[in-house]
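Here is a short tour for anyone meeting this structure for the first time. Have a look at the model, then read on.

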Amino acid sequence: MASAPRMASVSTSTQTLSEFSSDVVVGLSHPGQKELPSKYLYDEVGSALFDVICLLPEYGLSRAGMRMLERYSGEIVNRVPGPVVVAELGSGSGQQTRWVLEALARRQRVNYYPIDISGSALFRCQQELGQMDMVSIVGFERAYLDGLQEVAARRKDGERLFVLFLGSTIGNFDRPAGDQFLGEVRSILREGDALLLATDLEKPVPGLILAYDDPAGVTAAFNKNLLARINRELGGDFDLNRFEHVVRWDEAERRIEMHLRSTVWQRVTIRHAGVPFHLREGETIWTESSHKYDPREVVQMGERSGYRCAGQWFDTQWPLAQNLFFAV
Ligand SMILES: C[S@@+](CC[C@H](N)C(=O)[O-])C[C@H]1O[C@@H](n2cnc3c(N)ncnc32)[C@H](O)[C@@H]1O
């Protein structure tokens with residue numbers, strides 16, 4: 001008999017305006033290269049635009065993740081002995097997660113804790129997965145590590161934590177910061193806990209550029225929405241028509257970078273910040289990085305951060321790896 005889906009969420013205003021404002025001031029005052037943290041791309045509008053990006057023919061990453069989890073979730077889950085509780089870092093709308101939860105629900109009742117800084121992404125996740133048999137969902141509107149700590153505190157003795165970090169979101173971190181982040185996740189886990197980490201692999205650059213600069217302009221809108229969000233929430237006066245979406249491949253760092261380029265010299269004021277900012281013609285604000293990996297490097301990243309790799313699965317159409325680690 002189907003169990004009644006449990007839908008709840010733990011929400012507080014994790015991104016306070018003063019935090020947002022001070023991050024914006026620090027980023028726009030950064031000597032040399034102005035930057036804004038990518039986590040602010042995901043307000044209600046940004047999260048909705050990201051879901052559209054996942055539908056774009058040019059953005060193969062998300063479809064590859066879905067294809068792989070549909071195909072391999074049974075195998076992956078068999079390697080993670082139960083009982084387990086599932087925590088997902090940056091779940092977004094949770095579309096890929098369905099396959100993992102379905103595979104687990106064949107053997108046990110599943111408590112699933114999506115953790116996302118975006119309340120609207122969590123809402124969609126609960127809509128997407130809230131009706132699954134044998135699955136209870138409690139969403140945490142939190143930053144990754146804060147949320148994971150809360151989830152870890154809820155697990156019962158004898159339960160293994162199975163952490164999902166899908167969509168190659170790890171690629172938003174610089175490589176050293178990625179190692180550090182995996183180490184911080186490890187410090188919340190117990191020996192034997194599992195981590196499924198998706199990593200986008202290196203591939204020909206023209207296709208990668210198109211994935212982040214699609215002809216329909218959806219990714220450009222996603223990027224520019226960060227300035228629109230600053231206008232809405234912090235009383236900014238960014239004129240979006242004076243910025244262009246720019247995507248670059250950095251060969252040395254093996255990453256895609258998303259920037260917003262000022263097309264003119266301009267002065268911007270942000271009421272909450274209290275100080276004006278100036279941008280030169282051609283100057284950019286760096287908004288997101290997406291690092292690309294080779295499979296061996298991912299195993300080493302895990303090993304440096306306190307895990308052993310128990311399996312890697314690959315997609316051939318859009319090179320992507322699902323990497324299963326255990327905390328050691
Ligand atoms: C690239 S999307 C990936 C979504 C989903 N995992 C997928 O693969 O389609 C990244 C998600 O992480 C969330 N996120 C970004 N930074 C975060 C942070 N510091 N703490 C918690 N969630 C964060 C965003 O709101 C967004 O939903």
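Two strands count as paired if DSSP finds at least two bridges between them. With that in hand, and keeping in mind that this is a predicted model, let's start with a strand that has partners.

**Strand 12 and its partners**

Strand 12 covers residues 284–291, and 6 of its 8 residues are buried, so the rest of the structure largely encloses it. Strand 2 pairs with strand 12 in the parallel sense, over 2 bridges. Here lysine 34 sits opposite isoleucine 285 of strand 12. Strand 9 (residues 255–262) runs antiparallel to strand 12, and 7 bridges join them. One of the residues involved is arginine 255, whose bridge partner in strand 12 is histidine 291. Side by side, the two pairings look like this:

| Pair | Sense | Bridges |
|---|---|---|
| Strand 2 and strand 12 | parallel | 2 bridges |
| Strand 9 and strand 12 | antiparallel | 7 bridges |

**A loop residue next**

Glutamine 33 belongs to the loop that runs between helix 1 (17–28) and strand 2 (34–35). Is glutamine 33 buried or exposed? Glutamine 33 is exposed, because just 11 other C-beta atoms lie within 10 Å, and 12 or fewer counts as exposed. Glutamine 33 and threonine 284 are 251 residues apart in sequence, yet their C-alpha atoms are 7.3 Å apart in space.

**Helix 6**

Which residues of helix 6 (residues 144–154) are buried? They are Tyr144, Gly147, Leu148 and Val151. These residues lie on the same side of helix 6, because they cover an arc of only 100° around the axis. What do they pack against? Their packing partners are four strands and a helix, namely strand 3 (84–89), strand 4 (110–116), strand 5 (135–141), strand 6 (160–165) and helix 7 (175–188).

**Around the ligand**

The ligand is surrounded by 20 residues, and the closest are Lys39, Tyr42, Gly90, Gly92 and Gly167. By type, the shell splits into 8 nonpolar, 10 polar and 2 charged residues. Helix 2 (44–53) and helix 3 (60–78) each contribute at least two residues to this shell.

**The two domains**

Zooming out, the protein divides into domain 1 (6–12 + 55–203 + 292–327) and domain 2 (17–38 + 225–291). Their centres, taken over C-alpha atoms, are 30 Å apart. The contact draws 8 residues from domain 1 and 7 residues from domain 2. On the side of domain 1 that touches domain 2, there are 1 nonpolar, 2 polar and 5 charged residues.

How values were computed. Residues numbered from 1 in each chain as written. Predicted model: local features only at pLDDT ≥ 70, side-chain atom pairs only at ≥ 80, totals over all residues. Buried ≥ 20, exposed ≤ 12 C-beta atoms within 10 Å, placed from the backbone. Near = placed C-beta within 6 Å. Nonpolar A, V, L, I, M, F, W, Y, C, P; charged D, E, K, R; others polar. Domains from an automatic or database assignment. Contact = placed C-beta atoms within 7 Å. Arc of directions from axis to C-beta.
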